[in-house]
Amino acid sequence: MAEDSSQLSDFNDRYEDPAEDPLFNIDGDDPNRVNIFTRKELLKVGHVPESARIVGRDEEIKDIAAELRPIVQDDPPNNVMIYGKTGTGKSLVARHVTERARRAAESNGITVGTVYVDCAQHNTQTRVARTVTRELNKTDKTDFDVPRAGIGSGEYYDYLWEILNLAYDAVIIILDEVDRLDDDDILMQLSRARESGKADCHLGVIAVSNKIEYRDQLNERVKSSLREEEFVFQPYDANQLRGIMKHRRDAFHDDVLSDDVIPLTAALAAQEHGDARKAIEILRHAGELAERENAAQVIAEHVRDAQEWAEVDRFEELLRGSTTQVKFILYSLALLTEESSNEDEFSTSRIYKRYQNTVETVDAKVLSEHRVYELLKEQAFLGVVESTRTGGGRGEGSYLEHRLVQDTGIVLKSVLRDSRLEDLA
């Protein structure tokens, strides 16, 4: 015990030279330390690589470019709606083409602004308006600062129209996961800005959604205002996923990846609807696991361990911004599923009974059954659960049954990462 205490004290001591701190010692001269990564940024979600690294999306790049091409001649671009499952390259292509359009236009003396908005994080009209306005504001041209807080969407729009008039000839705004917005009025505000005389600037919107039915749910006035071109990105196949992985191989040192790592990573991702984002996450996590073990190589075992890690991270990302009550509901549905060997779909009333027990365990507020029903429908819209209506038996009306889309183990591990639910573990 004394030896253990001494070691613990050594790690907790302050060090005058931070480079000597054993908690963060990354001394490259350590002969026993294996260096796994060289360019880890190539494996980060959101990283937009150069053209040569974008695999299997040549036609989609050309199609989106055709809709934005008018800005190069100082004409209005077309609005675009991109659909496809997670990890099919929608956001990557949108950001890549937008940046190339900006450079091409500016080579012709046309000032173009671009903004990327993650609507899963900025899901209200005020948050989107604030993000767009603050990102586009050029204080050297506008001579004013945009407040971070304290004003509403209307005031942010007023700032935005003035910024567009003062600083830009054209602007392209990417709204990623647009289906997460709680109000589609932002689409009408942006698409009608020039037509309504609010902004003397060409403005194009690229809306990206995982849900192909999203447009059907839009207000008719918004549909009429957008007049967008629609594109559907198909999932990657295993060969394309292998190509994507090979083009990211130089994220690692030479000879670090065993020969079966990339084929296995691609095969696992291909099973999950051709999700390139997931493939990249698995590859990164596998490298990190090998690094933690100080292993000489990333091997298949690291990939399989990383798959579960990546799935938990992905599900946690999907739940980002969800309330504790939503996590209580999903936790309860996951427990029901685990306990039922021959069924995975459950009525709202059965889920509600388990939810009541869950919430009472941690002495939290119990919502009404109707509110739980509404939250389950919201999660169905977001793709976390699937809800189907039964025909009902003799003397019974129809009702909804709900099932988890993700594996129950992944759901439980993800929701229990929330410190507010740790008493349930």
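This report walks through the overall make-up, the sheet and a helical region of a predicted model.

## The big picture

Let's start with the whole chain. The protein carries 16 helices and eight strands. Its C-alpha trace spans about 75 × 75 × 45 Å along the principal axes.

There are 425 residues, and 47% of them count as buried. As for how the fold is wired up, take the contacts between residues at least 6 apart in sequence: 72% of those join residues at least 24 apart.

## The sheet

Five of the strands make an open sheet, and reading across it you get β2-β3-β4-β1-β5, with parallel pairing. The edges belong to β2 (112-118) and β5 (229-233), each of which pairs on one side only. From one strand to the next, the twist averages 15°.

Now zoom in on one edge. Here β5 sits alongside β1 (residues 80-84), and the two pair in the parallel sense over five bridges. If you want a spot to click on, try Tyr83, whose bridge partner in β5 is Val232.

## Helix α10 and its neighbours

Next up is α10, which covers residues 261-271. Which of its residues are buried? The list is Val261, Ile262, Leu264, Thr265, Ala266, Leu268 and Ala269. A bit of helix geometry is handy when looking at that pattern: an α-helix has 3.6 residues a turn, so residues three or four places apart point the same way.

What do those buried residues pack against? Three helices: α9 (238-246), α11 (276-293) and α12 (300-318). After α10 comes His273, which has a positive phi, near 65°.

## How α11 meets α12

Two of those α10 neighbours, α11 and α12, also pack against each other, at an angle of about 120° and with their axes 8 Å apart. That angle makes α11 oblique to α12. The crossing of α11 past α12 is right-handed.

Plenty of side chains are worth displaying here. On the α11 side, the contact includes Arg277, Lys278, Glu281, Ile282, His285 and Leu289. On the α12 side, the residues they meet include His302, Val303, Asp305, Gln307, Trp309 and Arg314. Sorted by class, the contact of α11 with α12 comes to eight nonpolar, three polar and ten charged residues.

## Quick recap

For a first pass in the viewer, start with the β1 and β5 pairing, five parallel bridges in all. Then move to the buried residues of α10, packed against α9, α11 and α12, and finish on the right-handed crossing of α11 and α12.

Key: Residues numbered from 1 in each chain as written. Predicted model: local features only at pLDDT ≥ 70, side-chain atom pairs only at ≥ 80, totals over all residues. Heavy atoms only, no water. Pairing = 2+ DSSP bridges. Helix = DSSP H or I, 4+ residues; strand = E, 2+ residues; numbered from the N terminus. Axes fitted to C-alpha atoms, helices over the stretch in contact; angles between N-to-C directions. Buried < 20%, exposed > 50% of the residue type's maximum accessible area, 1.4 Å probe, protein only. Contact = heavy atoms within 4.5 Å. Parallel < 35°, antiparallel > 145°, perpendicular 65-115°, else oblique. Left-handed = near helix turned anticlockwise from the far one by under 90°. Nonpolar A, V, L, I, M, F, W, Y, C, P; charged D, E, K, R; others polar.
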